[in-house]
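Visitor: Could you take me in for a close look at the place where the two chains touch? I'd like the contact side first, then whatever surrounds it.

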Amino acid sequence: MFFGFTDEEKMLRRSVREMFKARNTSEHVRAFMENVTISNDMKKLLAGQGLLGIIDLDGSGEDGKGMMNAILIAQEAGRHLLTYPLLEAMAGLAALKTCTQQTQLVSEVEDGKKVLTIAWVNVDAKARKTKDGYVLNGTLREVPFARGADIILANVRAAGMGFTPEEEETLIVLDAKSPNISIHNANSLDETYPLYEINLFNYPLRKEAVVKGFGMGTGHELMTKMRQIGALLVSAELVGCSERALYVTVEYTKQRKQFGVLIGSFQAVKHMAADMYLQVESGKAAVEYAAWALETNNEEADLAVSIAKSYASDAGIQVCGDAIQMHGGIGFTWENDMHLYFKRARRSAAVLGDVYSHREKIAKVAIDELACKSEVEARRVVHAPV
Amino acid sequence: MDLSFSPQQEEYRQHVREWLLDNIPEGWGTPEFNWPDDEAERGKILREWDRKLYQGGFAGISWPKQYGGQGLTHVEEIIFDEEAGKLNAPSGVNVLGKLLLGPTLLLFGTEEQKQRFLPPLLRGDEVWCQGFSEPNAGSDLAAIQTRAELQGDRWMINGQKVWTSFAHHADWCFVLARTDHEGPKHKGITFFLVPMDTEGITVRPLVQINGNKDFNEVFFDNVYIQAENVVGGVNNGWKVAMGTLGFERGTLALGRQVRFQNEFNNLARISSSLSKSGETVSESSYYRQKMAELFAEIRILRYHGLKTISQLLNEGKLGPEASLQKLFWSTMHVNMGKLGLEVLGEHAPYIGEESIARGALQDIDLGSRGAIIYAGTTQIQKNIIAERILGMPK
């Protein structure tokens with residue numbers, strides 16, 4: 001029984017934290033917001049540290065599947081408002097690595113030669129067979145950093161390649177620089193992690209671009225796995241982001257004086273901070289448990305991820321919002337960083353399943369399955385006398 | 001991270017489960033189980049359960065064998081708590097002895113005290129109550145006014161304690177009393193062990209808002225006790241008491257979590273039997289969302305509990321993080337109470353045998369109001385978190 005991190009895992013966290021602290025400062029983040037370009041420095045840095053392909057779903061790596069490492073890295077990314085699609089790289093590579101024919105692509109992304117992102121939502125993009133082969137048309141949404149990316153993983157329906165729409169789903173690799181793609185900034189309020197919309201016009205789909213075969217449910221399976229990992233990692237980012245907002249704020253209350261005393265000595269302020277701490281630590285526990293559940297193929301892994309995502313989303317928004325409040329007027333200015341955390345939390349909470357949809361997933365298990373299944377013991381526990 | 005149990009531990013779980021199924025009193029936990037009206041009779045039944053637990057080998061599971069314990073680890077302890085929780089087994093009448101006094105004596109007691117007090121405590125022969133709070137010393141515990149003076153070779157205690165659970169069933173009480181009036185208030189307190197049958201002790205029952213009769217006021221009027229019945233040294237009682245409260249706040253999360261899960265299941269089942277505005281409650285997205293949120297928090301309590309146990313096993317002690325856990329579960333339980341009565345809607349006031357929830361959801365709503373007060377109020381826990389964990393100024 002050990003709920004926590006090994007010394008090696010803690011070492012990794014420390015080195016990633018130091019790295020982002022030096023190379024992804026508030027100045028870097030604000031420079032990125034002015035000029036939305038992923039820096040070559042950051043591409044080299046992440047690849048050089050071997051952080052991108054850290055998840056290994058086959059479990060052939062030395063440290064199991066690397067889920068514990070992945071959440072630690074994602075937490076640090078959230079803590080430092082990292083301006084790189086790290087989550088997409090980790091989830092995308094995890095999926096690509098399960099396909100033997102993708103080794104070339106995997107190493108190009110792992111080595112930092114290509115930036116990978118994922119189109120999380122398919123509005124209506126479809127592959128249609130023509131006399132020259134398959135072509136793609138339609139719209140994809142929720143694509144982080146699409147403009148700085150080289151390749152985009154997308155899940156599209158290949159008409160006729162399955163008996164149901166789900167079976168037709170096919171995971172493909174899009175060339176982000178293709179003339180048949182147009183990329184529009186979707187103007188997300190979180191400028192540290194821009195989201196794009198993509199339109200495909202007769203995009204020629206070559207066979208090599210299909211990740212693991214046309215249809216047959218393979219695309220659905222891979223996308224589901226990526227979304228599960230993505231939801232876990234974005235929850236970890238939310239925890240890191242809100243933890244940083246909390247501690248920056250607590251430091252501020254130890255310096256800021258009003259009425260002649262430090263504002264941190266007021267109980268109203270202390271109790272807000274204690275509530276924030278409770279939410280950060282509870283979200284953290286939920287993320288750590290969910291990572292373990294994924295790592296060990298626990299039958300309740302999906303449930304654990306939905307618990308983590310729904311809790312960390314609400315908590316992240318609440319904590320980062322309270323951080324603005326505790327800073328007072330300065331917290332409401334653009335020059336203070338608190339709004340960056342708040343907006344990052346807002347965007348993170350919205351993507352990869354919002355609170356409502358994850359709670360509905362929880363309800364299906366908690367109410368429809370578990371509560372009614374335990375009917376045998378129900379009588380005994382209806383009225384506990386003590 | 002390794003949250004699995006070993007095959008031996010799984011075997012132990014099976015053993016616990018079988019024993020509980022064989023030994024839990026007939027009809028326990030069902031609506032047909034009725035307590036005797038007489039409080040002394042209730043005490044007898046509960047003490048009987050403590051004795052049974054001892055005979056079954058489930059008292060002091062992680063305490064050393066030489067004091068009557070089982071010499072196992074905290075893991076077996078939580079396995080027992082979880083299984084007992086699943087079946088809603090009674091918790092006995094000696095909870096304060098087992099949860100608070102025993103661990104305190106193991107940490108601060110003399111060898112003689114351990115040998116004298118621990119075995120009868122575990123056997124269920126000596127039931128304990130806790131004499132800490134006073135009318136003017138609740139959250140500000142160090143403000144206690146009960147005083148002890150050395151008279152020859154005996155201590156004489158005078159004063160009043162309040163909210164003293166199980167005092168009316170107890171054989172002994174562990175009492176904080178002031179032994180120095182000069183220095184800082186934390187430094188003049190001593191931790192005493194007092195037999196409840198001593199002349200000068202009066203116990204007056206207090207009924208709680210949920211109708212339970214666990215509480216009492218205890219009056220000490222020239223109560224003489226032996227000089228050796230001091231734990232941890234004269235004027236060192238604050239340190240001893242803080243250790244005691246650490247146990248109160250830190251352990252038991254996993255057993256509690258399972259009981260909350262049972263309560264949730266009951267709430268969910270009730271919601272599936274009710275409808276509002278033409279819609280079954282358990283199918284209404286409003287209630288599904290709220291129940292899912294609650295369920296997530298119950299699960300997260302389990303994660304907190306696993307973290308705490310891991311800390312106890314690997315580091316041997318609990319820090320101020322125990323406050324986090326207490327704050328978390330007590331707040332969550334209040335929310336469960338609120339949601340339960342919201343689900344009941346127009347049925348919320350009714351608690352009789354014929355009512356929908358038979359009072360079970362109302363019990364949560366009322367009982368949880370106690371949990372945010374006892375063992376350090378919500379506000380005190382928040383102060384502790386802010387000052388000791390976040391380092392905010394006093």
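Guide: Right at the meeting point, 46 residues of chain A are in contact with 51 residues of chain B, where contact means that the C-beta atoms of two residues, placed from the backbone, lie within 7 Å. Keep in mind that this is a predicted model, in which local features need pLDDT of at least 70 and side-chain atom pairs count only at pLDDT 80 or more, while totals for chains, interfaces and linings use all residues. Residues are numbered from 1 along each chain as its sequence is written, and chains are lettered from A and ligands numbered from 1 in the order in which they are written.

On the side of chain A that touches chain B, at least two residues come from each of helix H8 (218-253), H9, helix H10 (301-327), helix H12 (355-373) and helix H13 (375-381). Helices here are DSSP runs of H or I with at least four residues, strands are runs of E with at least two, and both are numbered from the N terminus. H9(A) gives that side its largest share, 12 residues. By type, the side splits into 30 nonpolar, 9 polar and 7 charged residues; Ala, Val, Leu, Ile, Met, Phe, Trp, Tyr, Cys and Pro count as nonpolar, Asp, Glu, Lys and Arg as charged, and the others, Gly among them, as polar.

H9 of chain A, residues 267-295, also gives the largest share of the largest nonpolar core, 17 residues. That core has 226 residues, and those touching the most other members are A:Ile71, A:Met90, A:Leu232, A:Leu233, A:Ala286, A:Ala290 and B:Cys173. A nonpolar core is a set of buried Ala, Val, Leu, Ile, Met, Phe, Trp, Tyr and Cys residues joined through C-beta atoms within 7 Å, and buried means 20 or more other C-beta atoms within 10 Å of a residue's own, all placed from the backbone. Leaving aside residues up to four places away in sequence, A:Ala290 touches A:Leu232, A:Ala304, A:Val305, A:Ile307 and A:Ala308.

Now for the annotations. An unreviewed UniProt entry puts "domain: Acyl-CoA dehydrogenase/oxidase C-terminal" on residues 218-365 of chain A, a stretch that is 78% helix and 3% strand. Over in chain B, UniProt (unreviewed entry) places "domain: Acyl-CoA oxidase/dehydrogenase middle" at residues 129-223, and that span is 0% helix and 46% strand, with its end C-alpha atoms 16 Å apart. UniProt positions follow the numbering used here, feature names are shortened, and annotations may be inferred rather than shown by experiment.

Notes. A residue is buried if 20 or more other C-beta atoms lie within 10 Å of its own, exposed if 12 or fewer, and partly exposed in between; C-beta atoms are placed from the backbone.
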